[in-house]
Amino acid sequence: MILESKIFNSEIAMCQKHFQKKGKCKWGECAKCGVIPLLFKLGKGELYEDEKEITNLKEKTLNPSL
């Protein structure tokens, strides 16, 4: 993969922290953001293109307790 596991986990944790704290980060709304799918593509080699899959991925990633 292009991203090391440590960097992938750090970036995901940052997204989770901002989402749980204020529902978004400085870049805007999480619903419109492409960072999480991009991180999964670069960090795990997983490609998400279907809108429903991306929504589910974001929900699971941003709310790990679900």
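Two residues are in contact when heavy atoms of theirs lie within 4.5 Å. The structure described here is a predicted model.

The contacts of Lys58 serve as a starting point. Lys58 sits in helix α3. Leaving out residues up to four places away in sequence, Lys58 touches Cys30, Ala31, Lys32, Cys33, Ile36, Pro37 and Asn63. Lys58 is buried, yet it has no salt bridge. The nearest side chain of opposite charge belongs to Glu51, and it is 8.8 Å away. A salt bridge requires a side-chain nitrogen of Lys or Arg within 4 Å of a carboxyl oxygen of Asp or Glu.

Thr61 is also found in helix α3. With a relative accessible area of 8%, Thr61 is buried. Its contacts, not counting residues up to four places away in sequence, are Ile12, Gln16, Ile36 and Phe40.

The nonpolar core comes next. In soluble globular proteins, nonpolar side chains tend to be buried together. The largest nonpolar core in this model has 10 residues. They are Leu3, Phe8, Ile12, Cys15, Cys30, Ile36, Leu39, Phe40, Leu57 and Leu62. Three helices each supply at least two residues of this core: α1 (5–22), α2 (35–44) and α3 (51–62). Leu39 is one of the core residues. Leaving aside neighbours within four places in sequence, Leu39 is in contact with Leu3, Phe8, Glu11, Ile12 and Lys44.

Helix α2 was then examined face by face. Its buried residues are Ile36, Pro37, Leu39, Phe40 and Gly43. Seen down the axis of α2, these buried residues fall within an arc of 160°, so they line one face of the helix. What covers them includes α1 and α3. Just after α2, Gly45 takes a positive phi of about 75°.

Charged pairs were considered next. Side chains of opposite charge can pair when their charged atoms come close. The structure holds 1 salt bridge. It joins Glu29 and Lys32, with the closest N and O atoms 3.8 Å apart. Glu29 is partly exposed, at 48% relative accessibility. Lys32 is exposed, at 67% relative accessibility. Lys32 also appears among the contacts of the buried Lys58.

The cysteines were checked for bonds. The count of disulfides is 0. Cys25 is in no disulfide, and the nearest cysteine sulfur, that of Cys33, is 5.8 Å away. A disulfide needs two cysteine sulfur atoms within 2.5 Å. Seen from the other side, the closest cysteine sulfur to that of Cys33 is in Cys25, and the 5.8 Å between them is too far for a bond. Cys25 is partly exposed, with a relative accessible area of 21%. Cys33 also counts as partly exposed, at 24% relative accessibility. Cys33 is another of the residues that Lys58 touches.

Some exposed residues were placed relative to distant parts of the chain. Lys17 is found in helix α1. It is exposed, with a relative accessible area of 53%. Lys17 and Leu62 are 45 residues apart along the chain, and their C-alpha atoms are separated by 8.4 Å. Leu62 is itself part of the largest nonpolar core.

Lys6 lies in helix α1 as well. At 68% relative accessibility, Lys6 is exposed. Lys6 and Gly43 are 37 residues apart in sequence, with a C-alpha to C-alpha distance of 9.6 Å. Gly43 is one of the buried residues of α2.

Met1 is found in the segment before α1. It counts as exposed, at 68% relative accessibility. Not counting residues up to four places away in sequence, Met1 touches Leu42, Gly43, Lys44 and Gly45. Among these contacts is Gly45, the residue with the positive phi just after α2. Met1 and Cys25 are 24 residues apart along the chain, and their C-alpha atoms are separated by 26 Å.

Technical notes. Residues numbered from 1 in each chain as written. Predicted model: local features only at pLDDT ≥ 70, side-chain atom pairs only at ≥ 80, totals over all residues. Heavy atoms only, no water. Core = buried A, V, L, I, M, F, W, Y, C linked by side-chain atoms within 4.5 Å. Buried < 20%, exposed > 50% of the residue type's maximum accessible area, 1.4 Å probe, protein only. Helix = DSSP H or I, 4+ residues; strand = E, 2+ residues; numbered from the N terminus. Arc of directions from axis to C-beta. Lys, Arg positive; Asp, Glu negative; His and termini not counted.
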